[in-house]
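Student: I would like a close look at one part of this protein. Please take me through a single helix, end to end, and then turn to the pocket.

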Amino acid sequence: MKRRFFLQATTGLLMLCAGQAYADPMADAKAVVEKYATPVTKWDGPTTGPKAQAGKTIVVLAGDLKNGGILGVSNGVEEAAKAIGWQVKVLDGAGSIGGRTAAFGQAIALQPAGIIIDGFDAVEQAPALEQAKAAKIPLVAWHAGPVIGPDDKNGLFANVSTDAMEVSKAAADWAFVDAKGKPGVIIFTDSTYAIAIAKADKMKQEIERLGGKVLEYVDTPIAETSQRMPQLTTSLLQKYGDSWTHSLAINDLYFDFMGPSLASAGKSGTDAPINVAAGDGSQSAYERIRAGQFQKVTVAEPLNLQGWQLVDELNRAFSGEKWSGYLSPLHVVTADNIQSDGGPKNTFDPDNGYKDQYKKIWGK
């Protein structure tokens, strides 16, 4: 019911926004792309907070470690935990609800000081959330739902994310500019996740408000992209041909398995359809963008930074303080700027000194 309410509210909001046309769609879209494509060099996060709580052991519940975004956040947590002096246990839900339920049960049995939910809707594990609450285990999360920050209904001290709607807007705007105002777009999403629907809805709304065309809105599970995307890509090419100019997906994983089908159809790596991901900035996405092979853009999140933020938020929870209030930056990654902000390491890792800032807060 909670998810349905969110979807209804989101739909209503999008309908209200749909009638608002841009005075100069191309100029507005270019301004958004330029804003988020520039290097991130200044730290705009917290500068004060509690000193490190000593001797903690925490658990990361990963939705699916095959997902580059989830893996990147998990790696960031492990790096930050080492810096603050904590032990970490990572459990993989392996891309299924059943797997995540089993991992959550294992996590509670370990009686950790805190749990990090990494990359799946918290509401799907409602009984486990209640068990964690009863055991007084603080929970923080990455991409666990549409609410950023404290989520009292689900017992989350803080849900960490960039502004997902801005990520979607930036991806749609890049496609509109690249198509010179005449994109024919196919959008890929997964209705298993409320945030995925909201992101896809935002991309559809933005493309249509700018004056572009959405050819199809495809709902296909993220966990099954390896099986579904090859044939789906072939079918969509046969159906839409050259009118399919750009793909917009809610994350990079959809494009991991499109290349062979596009190549079989005679497409070069830079031919249409041009693939654009609204998150997360995976290693494979960076490699495709750098090589010019079937993806030109990812709107990346600072996954490693967000791992550090999750540890900082847990430290605040342990200390009885409020969440930091930090909304991490997003970044439009293209072949033109891939050499900055961590690009050589195939990740968006802003050169803004965030590790030193967090270590200073923790007294490390």
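Tutor: What follows covers one helix and then the largest pocket of this predicted model. Start with helix H3, residues 68–84. H3 has 17 residues. From its first C-alpha to its last it reaches 24 Å, close to the 24 Å expected at 1.5 Å a residue.

Now the ends. At the N-terminal end, asparagine 67 acts as the cap. One of its side-chain oxygens lies 2.8 Å from the backbone nitrogen of glycine 69. At the other end, glycine 85 follows H3. The phi of glycine 85 is positive, near 95°.

Next, burial. The buried residues of H3 are Gly69, Ile70, Gly72, Val73, Ser74, Gly76, Val77, Ala80, Ala81 and Ile84. Glycine 69 thus appears twice: its backbone nitrogen faces the cap contact, and the residue is buried. What covers these buried residues? Strands and helices both take part. The strands include S1 (57–62), S2 (87–92), S3 (114–118) and S4 (139–142). The helices include H11 (303–318) and H12 (354–362).

Then the pocket. The largest pocket has a volume of about 370 Å³. Its lining has 18 residues. Nearest its centre lie Lys133, Asp152, Asn154, Gly155 and Leu156. Helix H5 (126–134) and strand S6 (156–160) each supply at least two lining residues. H5 gives the largest share, 4 residues. By class, the lining has 10 nonpolar, 2 polar and 6 charged residues.

Definitions and conventions
Residues are numbered from 1 along each chain as its sequence is written. This is a predicted model: local features need pLDDT of at least 70, side-chain atom pairs count only at pLDDT 80 or more; totals for chains, interfaces and linings use all residues. Side-chain values use heavy atoms; hydrogens and water are left out. On a 1 Å grid over the protein atoms alone, a cavity is a set of points where a 1.4 Å probe fits but cannot get out, and a pocket is an open set with protein on both sides within 12 Å along at least five of seven lines; lining residues have an atom within 4 Å of a point. Grid points are joined across faces, edges and corners, and a volume is the space filled by probe spheres set on the points. Ala, Val, Leu, Ile, Met, Phe, Trp, Tyr, Cys and Pro count as nonpolar, Asp, Glu, Lys and Arg as charged, and the others, Gly among them, as polar. The expected span of a helix is 1.5 Å times one less than its number of residues. Buried means under 20% relative accessible area, exposed over 50%, partly exposed in between (1.4 Å probe, protein chains only). Contact means heavy atoms within 4.5 Å. A polar contact is a pair of N or O atoms within 3.5 Å; within protein, one must be able to donate a hydrogen and the other to accept it, and residues adjacent in sequence count only if both atoms are side-chain atoms.
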